[in-house]
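Colleague: I would like to learn how to read a model of this kind, feature by feature, beginning with the packing. Could you take me through it slowly?

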Amino acid sequence: GGVFQHQKCLIHRTCQRYTIRRGQGKAQSSQDGKRRAKSMGSQLRRAGEEALREDVSTTLSNWATHVKNAGIILLSCPKLMLKSFFEDVEEVLHRDDPRIHKIPLDIGRPTFEAVTAVYEIMMTANLREQFVEEDDEGQEEGQAVTAPSQQKDVVEVEEEEEEEKEPVVPLGELHTLASEGRLADLIRYLNSVDDVADQIDERAGDDFMTPLHYASESACRIDPTTSAACVTALLVQGHANPCVLDARYRTPYFLASNEKVRDAFRMARATLGEDYCAWDEGAKVGPPLTHDDLQKKKDKAAEKKRRQRARQKEKKAREKAQAEETERQQREEEERKKQKADAKRIRDGLKPKTSLATNVCDYCQKVCKGKKRSQMFQRLDYVYCSSECVQKHKRE
């Protein structure tokens, strides 16, 4: 959520909780209406929903003054949570408040960038010229008379919009080098240009971003290691300001989608010191990270991966041993069945079976080619190739 005034964000907050099972697309509370699951995941999702309700209630309570002074309130809430939402915040916001308007958009993941996009869309109006065709000649003449004045008004509105629209500043050399990840050229430029201090925080492009913004968000296009090195060069060598906001009120650290780039910001914080800028309030950068901390982090990740491989190896060994044990039991069971069948044949005066085929005469051990077992002569549990074998076995 966020509070905006005159196209400026005064305060915002993002809360994320585990409430929806991956791949299912529904909250746990909606599933509990049909069948209340008792798995560990369902318990975690229920606890996440309770924590999310508490987060929302606490946030609006802290923003009570902003809510009271708000001219319009844009709200997006699932139908299942709407009742509990107003019950939790009834001291601050009422259901029948005329300032509440539903957001008619699919905002996706509720991030600060999504809140800013909703504000820009909902608070922007586009004026278009519209011509109406009439059958009445008098109305057509009246329209023909008024058309030039209407066109003049539209032109004046368009001119005013063009004047109010802030011009786009073209990208400079430093912006291009940071965006393309040309690390060697970037370092050379920082060391050779005299007025680099005036260019390091210059905003340009459609979103009015600094070179540090472009270096931070370039990890989605180029190698993250190169992006992290560019961020380090701009901060440590160029002394860039990580608190500068772009046109969408985002800091450079907010655009860092890769962990290596985020670690570069934190390591620069440890190198430059806490007095360099407002790392927490302004830049929104995580806690400082030294080389020793990074090495410990890598060692911890390597140890975790090693234990994971060891567990996978043990699991495969257990599965292999279990498969071998199952196969051994099956062989023993087949051997017991065969011994039992041979013992029965001996008691009934027959020799042990020498062939595994099903269409074999149980008396003479002859294979009846072209015949199925059901097509052979049968007596008791045995089959015979001819009536002669039946009589012989019967006499014995």
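Modeller: Let us start from a single side chain in what is a predicted model: leaving aside residues up to four places away in sequence, Phe265 touches Leu212, Ser216, Val231, Leu235, Pro252, Tyr253, Ala256, Trp279 and Val285.

Colleague: Which residues touch the most other members of the largest nonpolar core?

Modeller: The general idea is that in soluble globular proteins nonpolar side chains tend to be buried together. Here the largest nonpolar core has 31 residues, and those touching the most other members are Leu186, Leu190, Val231, Leu234 and Phe265. The elements that contribute two or more residues to this core are helix H7 (173-180), helix H8 (183-192), helix H10 (211-217), helix H11 (224-237) and helix H12 (259-272), and the largest share, 6 residues, comes from H11. There is also a second, separate core of 11 residues, which includes Val3, Phe85, Phe86 and Ile100.

Colleague: If I take H7 as an example, which of its residues are buried, and which elements do they pack against?

Modeller: The way to read a helix in such a setting is to list its buried residues and then ask what they meet. In H7 the buried residues are Leu174, His175, Leu177, Ala178 and Ser179, and they pack against H8, helix H9 (196-199), H10 and H11. After H7 comes Gly181, with a positive phi near 70 degrees.

Colleague: How many residues does helix H13 have, and what distance does H13 reach from its first C-alpha to its last?

Modeller: For a helix, the end-to-end reach can be compared with the span expected at 1.5 Å a residue. Helix H13 (residues 291-347) has 57 residues and reaches 83 Å from its first C-alpha to its last, which is close to the expected 84 Å. Its buried residues are Leu294, Asp342 and Arg345, and these pack against H12 and strand S6 (382-384). Just after H13, Gly349 takes a positive phi of about 85 degrees.

Colleague: Which residues other than glycine have a positive phi in the loop between S1 and S2?

Modeller: Begin with the strands on either side of that loop: strand S1 (residues 2-5) and strand S2 (residues 8-12) run antiparallel and are joined by 4 bridges, with Gly2 having His12 as its bridge partner in S2. S1 and S2 form a hairpin with 2 residues between them. His6 lies in the loop between S1 and S2 and has a positive phi near 55 degrees, while Gln7 lies in that loop too and has a positive phi near 65 degrees. His6 counts as exposed because its relative accessibility is 74%, and Gln7 counts as exposed because its relative accessibility is 58%.

Colleague: What does Asp55 touch, and is Asp55 buried or exposed?

Modeller: For a charged side chain, it is useful to look at accessibility and partners together. Asp55 is in helix H2 (residues 40-62) and is buried, because its relative accessible area is 10%. Its side chain makes a polar contact of 2.8 Å with the side chain of Arg17. Not counting residues up to four places away in sequence, Asp55 touches Arg13, Cys15 and Arg17. Of these neighbours, Cys15 is partly exposed, with a relative accessible area of 23%.

Colleague: How many disulfides does the structure hold, and why does Cys277 have no bond to the closest cysteine sulfur?

Modeller: The structure holds 0 disulfides. The cut-off needed for the reasoning is a sulfur separation within 2.5 Å. The cysteine sulfur closest to that of Cys277 belongs to Cys243 and is 4.0 Å away, so the two are too far apart for a bond. Cys277 counts as buried because its relative accessibility is 15%.

Colleague: How would you set these details against the chain as a whole, beginning with how many helices and strands it has?

Modeller: The protein chain has 14 helices and 6 strands, and buried residues make up 29% of its 396 residues. When contacts with a separation of 6 or more are considered, residues 24 or more positions apart account for 57% of them.

Terms used:
Residues are numbered from 1 along each chain as its sequence is written. This is a predicted model: local features need pLDDT of at least 70, side-chain atom pairs count only at pLDDT 80 or more; totals for chains, interfaces and linings use all residues. Side-chain values use heavy atoms; hydrogens and water are left out. Buried means under 20% relative accessible area, exposed over 50%, partly exposed in between (1.4 Å probe, protein chains only). A polar contact is a pair of N or O atoms within 3.5 Å; within protein, one must be able to donate a hydrogen and the other to accept it, and residues adjacent in sequence count only if both atoms are side-chain atoms. Contact means heavy atoms within 4.5 Å. Two strands pair if DSSP finds at least two bridges between them. A nonpolar core is a set of buried Ala, Val, Leu, Ile, Met, Phe, Trp, Tyr and Cys residues joined through side-chain atoms within 4.5 Å.
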